[in-house]
Amino acid sequence: MQKGLILAFWAVAAALIFLLVALPISLQTHLIAGLVVVASMIVLKFFRAQGVWRLIALALGTAIVLRYVFWRTTSTLPPITEFTNYIPAFLLYMAEMYSVMMLFLSLFVVSSPLGSRTAPPLDRDNLPTVDVFVPSYNESAHLLATTLSAAKGMAYPPDKLTVWLLDDGGTDEKCESPNPALAREARERRAELQALCASLGVNYLTRARNEHAKAGNLNNGLENSTGDLVAVFDADHAPARSFLEETVGYFSTEKDLFLVQTPHFFINPDPLERNLGTFQTMPSENEMFYGVIQRGLDKWNASFFCGSAAILKREALQETDGFSGLSITEDCETALELHSRGWRSIYVDKPLIAGLQPESFASFIGQRSRWAQGMVQILRYRFPPLKRGLRISQRLCYMSSSFFWLFPFTRFCFLVSPLCYLFFSLEIFMASGGEFLAYTSTYMMVNFMMQNYLYGRYRWPWISDLYEYIQTFYLLPALLSVIANPRKPTFKVTAKTEVMNQNRVSELGAPYFIVFGILLLGVVATVVRIWAEPYKADVTLVTGAWNFLNLIIAGCALGVVSERATRRQSHRVVVDRPCRFVMGDKVVEGIVRDVSVGGASLRLSQSALPGLKRGAFGTLEFTPLSDLPINQLPMEVRKMTIDEKGILIGCRFLTETPEHHRLIADLAFANADQWSHFQKRRHQDIGILRGTLWFLTVSIYQTGRGLAYLSGLQRFGASIPPVPAVK
């Protein structure tokens, strides 16, 4: 009876939506209907609608989107005989239909994502053996020491856990390079890392040749190990002590499980966050994917391997001869193949590793180019929509994940389309100003409301547009290259621990300033056309407003490519752990406020300590979470301040033994709860209106800062607009 009522309800809802989409109504009626839908969605959002009410709000928005699609398809394209108008008009139309398709795929994936899971308890009497793979190519021994130490410190029986450093920077091929300098460097690297692994109790493994990049390196690890499960951590991804406790148990309770994936949490900002100064307040870009999208994919058994922070079953990998290496995104490709063979995946929505993001804008673009090209290779070689063995729901999920990376084509069309009219009088959109107001404005408002419903706490208004814009200029030629030659792209390792020691415009920044200038000319062209052709003022105003919106985004992008100097060589993690500071025969209680792999900041309870000054030496004592033979770290005081709460000192670690690396890893990375707390503090929905006003303010400021950097006035401004308070 209940199922029948539910089906009847959705049948009536579908019929109403169909009538709203196809019913011939006047512009005024459509405008009123659209505003009523927007108002209804706002009211439902105000009351924090969940469950069926959330779906009703999204369904109402879908009706307005479909009506816009109907109008665009039947009433706005110029005659096909007018080639100069029709070609750009059709390209714009296809770009809009792509956006609508991606919106509907998003609705399917994340309209009601799974909640957080509770890890099943481990069967201590029947624990599987685990091999931990840390693939490396050109990372420093200092960085690897932290990751390997954190991996060794995971809570798991030592006889069941084996940590492997898979070194692709010291292969036989590299050590025997015809270039003497490169060969010497590779041999020195191999010897240094072998010594490091021996001191930490880690297995060192390299191979003969650098074939198939990361996938080949991981497969070499599989061939030389025997663990039931394989955990993979990138060289700059340090796991928490509880990683295996939170993931291994699923393999004993879930049938045909091949993957448990966890989020990637980063302790440093990406170039956009760093240069705009939003890291402490605004949700990071990756949080929308790991906080919402992966949970949505998990509902349909389509959450996929992300290359790190995951644990996989060896039995499943043996079925596919290891990690797939046809594309340069071996992680998603491997998951796609195993899903098509009936294996299942699980996503655990809790950050259990801490990693590093690219520091420079150039490295950021290089990383995203690899992701985009790899996804296009998967479309070319695997084509998820027609992949045999996948369920329809999984096909749609993989379509959403792979088709997303075609956004540079759409973003480019949205950027140049208004200029086609303003500069060349091309009629690419056959509509009056009134039709624009009735259809386009309601469509945009509804679209914003739907995005806010889906991602409100994880993505602020206009930030997705900014991220897509800054990637478009370089991802577009990269995509065209891989489409023309799918085998051309090669795996390139993302640079780690870059040092930004001065304010500068990125070496990739020139196109952003050029396009900003062109869009600025578009504003001038708008004014000129309104003065010269007042009878077309309505269309010119609408097109000019579109161009002005692009200008706002482009202005904000100037701040992104104007790179701020980074004073610290390593990034801090807030920990708040009790400690003691020992200097000579004096012992003072304190708190470790924050820590990095290079040093820590301590708050001491005593306001006076004889002999404490810059350059003084002391020892930090704390209780490690792991079972370690020592609890003391030698330190050098680098700075000191005194206030009413006591003494605040900044110290540099003096690492002398492998145990010191393990203590640092324990202090900085063992406790995963600190990362969850940091993320939750940023998860605030500031709303569309406040978010738009904030973005406009940021854009104005960053436009000025970007132009100042270009002219050499790097000292322009010292602060960023505050984030609106959320109650």
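1. A word on terms before the helix: buried here means under 20% relative accessible area. Please keep in mind, too, that this is a predicted model.

2. With that cut-off, helix α20 has these buried residues: Tyr-512, Phe-513, Val-515, Phe-516, Leu-519, Gly-522, Ala-525, Thr-526 and Arg-529. The helix itself runs over residues 510-532, 23 residues in total. From the first C-alpha of α20 to the last, the reach is 33 Å, close to the 33 Å expected at 1.5 Å a residue.

3. Turning to internal space, you will find three cavities of 30 Å³ or more. The largest cavity holds about 110 Å³. Two elements, α17 (407-424) and α21 (537-560), give two or more residues to its lining.

4. If you would like to display that lining, select Ser-417, Pro-418, Tyr-421, Leu-426, Glu-427, Ile-428, Phe-429, Phe-436, Val-539, Thr-543 and Trp-546. By class, the lining of the largest cavity has eight nonpolar residues, two polar and one charged.

5. The second largest cavity comes to about 80 Å³. Around this cavity lie Ser-149, Ala-150, Gly-153, Pro-239, Arg-241, Ser-626, Leu-628, Arg-662, Ala-665, Asp-666, Phe-669 and Ala-670. Six residues of this lining are nonpolar, three are polar and three are charged.

6. Which helix gives the most to the lining of the second largest cavity? That is α22, with four residues. Both α22 (658-669) and α5 (141-152) supply at least two residues there.

Key:
Residues numbered from 1 in each chain as written. Predicted model: local features only at pLDDT ≥ 70, side-chain atom pairs only at ≥ 80, totals over all residues. Heavy atoms only, no water. Expected span 1.5 Å × (residues − 1). Buried < 20%, exposed > 50% of the residue type's maximum accessible area, 1.4 Å probe, protein only. 1 Å grid on protein atoms, 1.4 Å probe; cavity = no way out; pocket = protein on both sides within 12 Å on 5 of 7 lines; lining within 4 Å. Points joined across faces, edges and corners; volume = space filled by probe spheres on them. Nonpolar A, V, L, I, M, F, W, Y, C, P; charged D, E, K, R; others polar.
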